[in-house]
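This report describes the internal organisation of one protein model. It treats the cavities, the nonpolar cores, a central helix of interest and several individual residues.

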Amino acid sequence: MLTLDKVYDAARVLKDNIRKTDLIYAPSLNDKTNIYLKAENLQTTGSFKVRGAYYKISRLSDEQKKRGIIACSAGNHAQGVALSAQKNGIESAIFIPSTAPISKIEATRKYGAKIMLIDGVYDDAYNEAIKYQKETQGEFIHPFDDIDVIAGQGTIALELMEQLSDMEAVIVPIGGGGLISGVAYTIKMLNPKCKVYGVQASGAPSMFESHLKHERLELATVSTFADGTAVKLPGEHTFEICEKYVDDIVTVSEDEIASAVLSLIEKQKLIAEGAGALSVAAAMFDKLPIENKKTVCLVSGGNIDVNILSRVINRGLMKEGRLSDLTVELLDKPGQLRDVSTIIAQSGANVVRVRHNQGGKGMEINECYLSVTLETKNAQHLEEIKKTFIEKGYKISSSF
């Protein structure tokens, strides 16, 4: 049973083993409210997960420790378990879905864990881990549906109460629900007036759907680059706690998550993974009633693969209209590229890529089209450039 005493005990155990992460004021993310960022992306192992994992492992008996530890994770829980096991001199075997970023897999391996890569998503890795646990009789450390793990995550709320005692709302990313369960329970026990909101990726809305129907539902599939929250079925404990203590749950799109990752980099100089930026995306795109409220966005992790980060940045730029494709129909004759380039330069945009193609479906034989990738200020700037081309007699095409 989850109690405040257990959360305080977790804080005592974790005091010398984790970081008390900063709370950063970030008004530029949404000028309608007062945003603060709880930077768990700067936590040891780069994620909040080490809190719950370490506390759970600290409570194992000597006999349990001898049998070894088993866990499954998309990456962050894996690192938390591996580090905690290493510190306690315990052997660990971690089951990780093959879709997890390479950076998370290798980081887990460096902590000394035995890695088992499983095709599929978290739930597939979970099933294999349970089979292995039955064979070896090792101690399974659940990533979210465990009261000790939930209590460990609840220590974040204790820190928040010290850092911003008059906070009015907290937005928390949700995968299986361990983080929001610990945070929501603790906050509601200490400050019941404070709203606690959850947010999921629209491609993995298991807790959102379950909360909506007031019953624990399993999704057939999940698909999101916020891999840390790609969970088909919420936990039994976490669903029950969320039903009781969470005020509302919303979803955000992949484009909105990408924009949040980009904004954290540009405006706050913080790196967040997709799952870690869910709360910021919800705040940025006005998904919740937080106007004029002191609102904490929990940035839950920063373990993002650099190759994925590059794609996410591009996606964020496109979402904001700062990286755009413009296609212009032209007569195929000398000087056309120069004229197009002149218009773009005078408009204050920058050409990143040019592709020239002769002919096309529905075009005259002597016509061609020029596809130009532009860096622009925003979507309005792009529309102004299109308007200039049209005024000068050019035809703009959206696709071919």
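The lining of the second largest cavity comprises 4 nonpolar, 2 polar and 4 charged residues. The residues concerned are P101, K104, F225, D227, E273, G274, N303, I304, D305 and I308. The model is a predicted one, and the values below are computed from it.

**Cavities**

Searching the whole structure yields 2 cavities of 30 Å³ or more. Their volumes and linings by class are set out below.

| Cavity | Volume | Nonpolar lining | Polar lining | Charged lining |
|---|---|---|---|---|
| Largest | about 310 Å³ | 13 residues | 12 residues | 4 residues |
| Second largest | about 30 Å³ | 4 residues | 2 residues | 4 residues |

The lining of the largest cavity consists of 29 residues, and those nearest its centre are F48, K49, G175, G228 and T229. Helices α4 (76–87) and α8 each provide at least two of the lining residues. The greatest contribution to this lining is that of α8, with 3 residues.

**Residue S103**

Two residues that line the second largest cavity, I304 and D305, are also contacts of S103 when its neighbours within four places in sequence are set aside. S103 belongs to helix α5 (residues 102–110). Is S103 buried, partly exposed or exposed? Its relative accessibility is 32%, and it therefore counts as partly exposed, since buried means under 20% and exposed means over 50%. A C-alpha separation of 30 Å lies between S103 and E236, which are 133 residues apart along the chain.

**Helix α8**

Helix α8 covers residues 178–190, which is 13 residues. At 1.5 Å a residue the expected span is 18 Å, and the C-alpha atoms at its ends are 19 Å apart, so the two values agree. Because 11 of its 13 residues are buried, α8 is largely enclosed by the rest of the structure. The buried residues are G178, L179, I180, S181, G182, V183, A184, Y185, T186, I187 and K188.

Against which elements do the buried residues of α8 pack? The helices are α1 (4–14), α7 (147–163) and α10 (236–245), and the strands are β7 (169–173), β8 (195–201) and β10 (294–299). Helix α8 thus has buried residues packed against these elements and also contributes to the lining of the largest cavity.

**Nonpolar cores**

In soluble globular proteins, nonpolar side chains tend to be buried together. The largest nonpolar core of this model contains 42 residues, and L2, M167, V170, I180, V183 and I187 have the most contacts inside it. Two or more residues of this core come from each of α1, α2 (49–58), α7, β7, α8, α10 and β10. Helix α7 supplies the largest share, 8 residues. A second, separate core has 34 residues, among them A169, V252, I257 and L278.

I187, which is one of the buried residues of α8, has contacts with A157, M167, V170, P192, C194 and V196, leaving aside its neighbours within four places in sequence. Of these partners, M167 and V170 are themselves listed with I187 among the residues with the most contacts inside the largest core.

**Residues with positive phi**

Most residues other than glycine have a negative phi. Which sites in this model have a positive value in a residue that is not glycine? Q137 has a phi of about 65°, and D286 has a phi near 55°. Q137 is in the loop between α6 (122–136) and β6 (139–141), whereas D286 is in the loop between α12 (278–284) and β10. Q137, at 46% relative accessibility, counts as partly exposed. D286, at 42% relative accessibility, likewise counts as partly exposed.

**The protein as a whole**

The protein has 15 helices and 14 strands. Its C-alpha atoms fill a box of roughly 80 × 50 × 40 Å along the principal axes. Of its 400 residues, 56% are buried. Where contacts between residues at least 6 apart in sequence are considered, 73% join residues at least 24 apart.

How values were computed
Residues are numbered from 1 along each chain as its sequence is written. This is a predicted model: local features need pLDDT of at least 70, side-chain atom pairs count only at pLDDT 80 or more; totals for chains, interfaces and linings use all residues. Side-chain values use heavy atoms; hydrogens and water are left out. Helices (H or I, at least four residues) and strands (E, at least two) are DSSP runs, numbered from the N terminus. Buried means under 20% relative accessible area, exposed over 50%, partly exposed in between (1.4 Å probe, protein chains only). Contact means heavy atoms within 4.5 Å. The expected span of a helix is 1.5 Å times one less than its number of residues. On a 1 Å grid over the protein atoms alone, a cavity is a set of points where a 1.4 Å probe fits but cannot get out, and a pocket is an open set with protein on both sides within 12 Å along at least five of seven lines; lining residues have an atom within 4 Å of a point. Grid points are joined across faces, edges and corners, and a volume is the space filled by probe spheres set on the points. Ala, Val, Leu, Ile, Met, Phe, Trp, Tyr, Cys and Pro count as nonpolar, Asp, Glu, Lys and Arg as charged, and the others, Gly among them, as polar. A nonpolar core is a set of buried Ala, Val, Leu, Ile, Met, Phe, Trp, Tyr and Cys residues joined through side-chain atoms within 4.5 Å.
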